[in-house]
Amino acid sequence: MKRLADVDAEQWLRRCVQVSDTVEVPDKPAYFAGKAVIGNLVYEHQMIIDIISEETMHESPLVEYLTEKATAEALQQGIQQGIKTRALEDILEVLELRLELEAANAFKPVLDAIDDLDRLKQLHRAAILANTPEDFQQALKSTEIER
């Protein structure tokens, strides 16, 4: 697929795809998906997608595998984000009930920046036990030091 110096990249890629389309292979979608992966090293991703039919590549086992893997990773990230959001909401609700809305809102930016679910769990317990905003502030500092 190495391009000749006097040929435009898009024209050359189109030529390569046309020639590849004439090659007899048992699994044409997998063949084109492989070419797309390798071509991505040299050509822009969007150009490859535009020239090699997306439908052809979607039938490829390689593309199916990568799509399934990406979907599973996105699902796991979504679950983790949901757990974090729920933990933050729980902490803020306890702070609001135990202390006051203003105190809870004051801690929100700091809590939003925390990604460690174990730390959020500890802070939820600390929020339940806090009698003053200073108590919770101390808990925030002590869980930060432990990490």
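## Close-up views of an all-helix chain

**View 1. Helix α1 packs its buried residues against two other helices.** The buried residues of α1 pack against α2 (28-39) and α3 (45-51). This is a predicted model, and α1 is a good place to start exploring it. The helix runs over residues 9-22, and its 14 residues reach 20 Å from the first C-alpha to the last, close to the 20 Å expected at 1.5 Å a residue. Look for A9, W12, L13, C16, V17 and S20, which are buried in α1. They cover an arc of only 135° around the axis, which puts them on the same side of α1. An α-helix has 3.6 residues a turn, so residues three or four places apart point the same way. On the face of α1 turned away from that buried side, you will find the exposed residues Q11, Q18, V19 and T22. One more detail sits at the start of α1: a side-chain oxygen of D8 comes to within 3.1 Å of the backbone nitrogen of E10.

**View 2. The whole chain, for orientation, is built from helices.** The protein chain has eight helices and zero strands, so to speak a pattern of α-α-α-α-α-α-α-α when read along the sequence. Of its 147 residues, 30% count as buried. The chain exposes about 10,100 Å², and carbon and sulfur atoms supply 55% of that area. Among contacts in the chain with a separation of 6 or more, residues 24 or more positions apart account for 59%.

**View 3. The largest nonpolar core draws on several helices.** This core has 20 residues, and those with the most contacts inside it are I91, L95, L111, L123, F136 and L140. Four helices each supply at least two of the core residues: α5 (61-98), α6 (101-112), α7 (117-129) and α8 (133-146). Which helix gives the largest share of this core? That is α5, with six residues. Zoom in on I91 and, leaving out residues up to four places away in sequence, you will see that I91 touches L111, L120, L123, H124, A127 and F136. A second, separate core of 13 residues includes A9, L13, I48 and I52. In soluble globular proteins, nonpolar side chains tend to be buried together.

**View 4. Helix α6 turns one side inward.** The 12 residues of α6 reach 16 Å from the first C-alpha to the last, close to the 16 Å expected at 1.5 Å a residue. Its buried residues are A103, A104, F107 and L111. They cover an arc of only 90° around the axis, which puts them on the same side of α6. The face turned away from this buried side carries the exposed residues E102, A106 and P109. L111 links this view to the previous one, as L111 is among the residues with the most contacts inside the largest nonpolar core.

**View 5. Helix α7 has a buried side and an exposed face.** At 1.5 Å a residue, the 13 residues of α7 should span 18 Å, and its end C-alpha atoms are 19 Å apart, which agrees. The buried residues here are R119, L120, L123, A126 and A127. They cover an arc of only 115° around the axis, which puts them on the same side of α7. On the face turned away from that side, look for the exposed residues D118, K121 and L129. At the start of α7, a side-chain oxygen of D116 reaches to within 2.9 Å of the backbone nitrogen of D118.

**View 6. L120 of α7 is in contact with several residues.** Is L120, which lies in helix α7, buried or exposed? L120 is buried, because its relative accessible area is 1%, and buried means under 20%. Leaving aside its neighbours within four places in sequence, L120 is in contact with K84, A87, L88, I91, L111 and I114. You can also pick out L140, which is 20 residues from L120 along the chain, with 9.6 Å separating their C-alpha atoms.

**View 7. K84 is a buried lysine in helix α5.** K84 has its place in helix α5 and is buried, with a relative accessible area of 10%. Which backbone oxygen does the side chain of K84 reach? It is that of I114, at 3.4 Å. Setting aside its neighbours within four places in sequence, K84 is in contact with D112, I114, D115, L117 and L120. I114 is thus worth finding twice, as I114 is also in contact with L120.

Key. Residues are numbered from 1 along each chain as its sequence is written. This is a predicted model: local features need pLDDT of at least 70, side-chain atom pairs count only at pLDDT 80 or more; totals for chains, interfaces and linings use all residues. Side-chain values use heavy atoms; hydrogens and water are left out. A nonpolar core is a set of buried Ala, Val, Leu, Ile, Met, Phe, Trp, Tyr and Cys residues joined through side-chain atoms within 4.5 Å. Buried means under 20% relative accessible area, exposed over 50%, partly exposed in between (1.4 Å probe, protein chains only). Contact means heavy atoms within 4.5 Å. Accessible areas come from the Shrake-Rupley method with a 1.4 Å probe; for residues, only the protein chains shown count as cover. The expected span of a helix is 1.5 Å times one less than its number of residues. The arc is that of the directions from the helix axis to the C-beta atoms. A polar contact is a pair of N or O atoms within 3.5 Å; within protein, one must be able to donate a hydrogen and the other to accept it, and residues adjacent in sequence count only if both atoms are side-chain atoms.
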